[in-house]
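User: Could you take a close look at one part of this model for me, the metal and ligand site? I would enjoy a connected walk through what surrounds it and how it sits in the chain.

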Amino acid sequence: MQSAPVTKYRPFPPVPLTNRQWPSRTLTHAPIWCSVDLRDGNQALAQPMSVEEKLEFFALLVKIGFKEIEVGFPSASQIEFDFCRRLIEENRIPSDVSIQILCQCREELITRSLEALKGAKNVIFHLYNSTSPKQREYVFGASKADIVGIAVKGVSLLKKHGQALIDAGTRLRLEYSPESFTSTELEFALEICEAVTDVWQPTADNKIILNLPATVEYATPNVHADQIEWMCTHLTRRDKTIVSLHTHNDRGTGVAATELAMLAGADRVEGTLFGNGERTGNLDLVVVALNLYTHGIDPKLDFGDINAIREVYERCTRMEIHPRHPYAGELVFTAFSGSHQDAIKKSMPHQKPDRPWDVIYIPIDPADIGRSYKAIIRINSQSGKGGVAYVLENDFGYQLPKLMHKEIGKVVNDLADSKGAELSPQDIHDVFVREYIDRATPVTLKEFRTIERSSTVTCQADLLAYGQEKIVTGTGNGPIDAFVQALRAAGLPAFELVSYSEHSLGSGAEARAVSYIQIKTERGASFFGAGIDTNIELASIKAVVSALNRALSKA
Ligand code: KIV
Ligand code: ZN
């Protein structure tokens, strides 16, 4: 029972949209992306990035493919100003990339920002003011008309002072954000956006960017989509407007809100890598882009080496990515559950290069983002037999017979249980070698040779059985059968051979053979053994000894 009074909260009012279109649309193309890592993301860091770190981060964003990058708030601090200057003066901005700066609608801040932008080729000047009733009442004590006045004045001042920049060859575009848009009355948000557009006079070639932020996320994603669809259908100059999204993640639905609002008609998306930003963060651009990718839509951003991107991100921001973070988290291509491991192992062989990606439990090919299958399965005590066999095959080349999976799975799980920890692939390999390959007690094979081969085979084996040297012979219809007879002659318990398989391990001069033998004891218990040797015959003889030793140790 909740002890605090839930009655102090109210439901978020729905949007009265009678003919909403977004629910029946599907996404077909990538939006225009804008990274705000170096502004919104950076200003939310306990220790903001240094200029050198920002330069490195900027280069990373360019490499990923961002064509619009908010580089800061140059009128707010010297560091932000200097960073902007270095980007321009050191020619670090590719000709197809626009830098975006944020500025309040105040004359001295606008002129200072324009100074920072001198010499830039492509600029998005981002003006904003708060528009919601709470901001108007509690923070500014301002009427709706005052708030519209602030925005209109800001845009007029930019038009006036920005002309020199345009004359000097800069392509200057305007982005206007009614901050706290999603908490603002839609009619008023429209009114202020229209007023700003009236002043700026956009054209089809130089569209205005109207950025409609969910400064704080209060509603469910469908309400956000309704708000965006409402704006898209009410703006009078929609053809001269780029509708931009800027979600935050207070309810944990920033990605969903953005995706639904893209369906609702938005053209552009602002956000940050891995969702860094104030409070619960900004929109996670990596997730939205890779979500598009997994639906067959080219996101036009390159996350082909996500580990390298993550490394720069973590170093520069000093933030850590959660192990379960979609796509980038350390554990997201790992299956601990046995049934998941089995399904992955069974679906992998169906994955042919010309077929759509269809591996169960793994919605993206890890290789597409520079991650590897090797990390897919990790073993703990809850893991299934398929996982162990997968690791032994993929990491070490052992193709265990199917019937052996259960047996080795139990051996490995028992060890994981007793250790109380996850086992690495190397641990699993070590268990396999210890349990099967190096199994030399109570019977040790010292030497084996065939002494006659005709329609039958006769062999001689030197054994150490329970500490006693024995030289025994046996005859059978092949070397393995002959060896089984020799063991019986040595007084060891009888057993029958149930199955046999072998394959080569490695290739070329280094190649060895590995054999797997299954035996059944007189009591009906089944045991596998495995042996390795450069000589295939000897590999099988060793596998018999391995199976027998395992049986004797359980007797
Ligand atoms: O979240 C927000 O509203 C902002 C604006 C400045 C766009 O970051
Ligand atoms: Zn923001």
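Analyst: Happy to; here is the site, followed by a brief look at other parts of the chain.

Please keep in mind that this is a predicted model. Let's begin with the zinc ion (ligand 2). Its protein donors are Asp40, through OD, and two histidines, His246 and His248, each through NE2. These donors lie 2.1 Å from the zinc ion. Along the chain they follow the spacing D-x205-H-x1-H. Asp40 belongs to helix 1 (residues 37-41), while His248 is in the loop between strand 7 (241-247) and helix 9 (254-263), so this pair ties together parts that are 208 residues apart in sequence. As for solvent, both Asp40 and His248 are buried.

Now to ligand 1, where those names come back. Asp40, His246 and His248 are among the residues that surround ligand 1. The others in that surround are Arg39, His126, Ser177, Glu179, Asn211, Pro213 and Thr215. Three side chains there place polar atoms by oxygen atoms of ligand 1. For Thr215, a polar side-chain atom is 2.6 Å from an oxygen of the ligand. For Arg39, the corresponding distance is 3.1 Å. His246, already met as a zinc donor, has a side-chain N or O atom 3.1 Å from an oxygen atom of ligand 1. Taken alone, ligand 1 exposes 260 Å², and the protein buries 95% of that.

To set the site in the wider chain, it helps to have the domain layout. The protein chain is divided into domain 1 (28-317), domain 2 (338-436) and domain 3 (439-554). The C-alpha centres of domain 1 and domain 3 lie 72 Å apart.

One more residue is worth a stop: Thr197, which is found in helix 7 (residues 186-200). Thr197 is buried, with a relative accessible area of 2%. Leaving aside residues up to four places away in sequence, Thr197 touches Pro202, Ile208, Leu210 and Arg237.

Finally, a glance at helix 16 (residues 479-489). Its buried residues are Pro479, Ile480, Ala482, Phe483, Val484, Ala486 and Leu487. An α-helix has 3.6 residues a turn, so residues three or four places apart point the same way. What covers the buried residues of helix 16 includes strand 9 (443-453), strand 10 (457-465), strand 11 (468-476), strand 12 (495-505), strand 13 (512-521) and helix 17 (536-554). After helix 16 comes Gly491, with a positive phi near 85°.

Note on methods:
Residues are numbered from 1 along each chain as its sequence is written. Chains are lettered from A and ligands numbered from 1 in the order in which they are written. This is a predicted model: local features need pLDDT of at least 70, side-chain atom pairs count only at pLDDT 80 or more; totals for chains, interfaces and linings use all residues. Side-chain values use heavy atoms; hydrogens and water are left out. Buried means under 20% relative accessible area, exposed over 50%, partly exposed in between (1.4 Å probe, protein chains only). Helices (H or I, at least four residues) and strands (E, at least two) are DSSP runs, numbered from the N terminus. Contact means heavy atoms within 4.5 Å. Donors are N, O and S atoms within 2.8 Å of the metal (3.2 Å for Na, K and Ca); water is not among the atoms, so sites may look incomplete. A residue is near a molecule or strand if one of its heavy atoms lies within 4 Å of it. A polar contact is a pair of N or O atoms within 3.5 Å; within protein, one must be able to donate a hydrogen and the other to accept it, and residues adjacent in sequence count only if both atoms are side-chain atoms. Accessible areas come from the Shrake-Rupley method with a 1.4 Å probe; for residues, only the protein chains shown count as cover. Domain bounds come from an automatic or database domain assignment.
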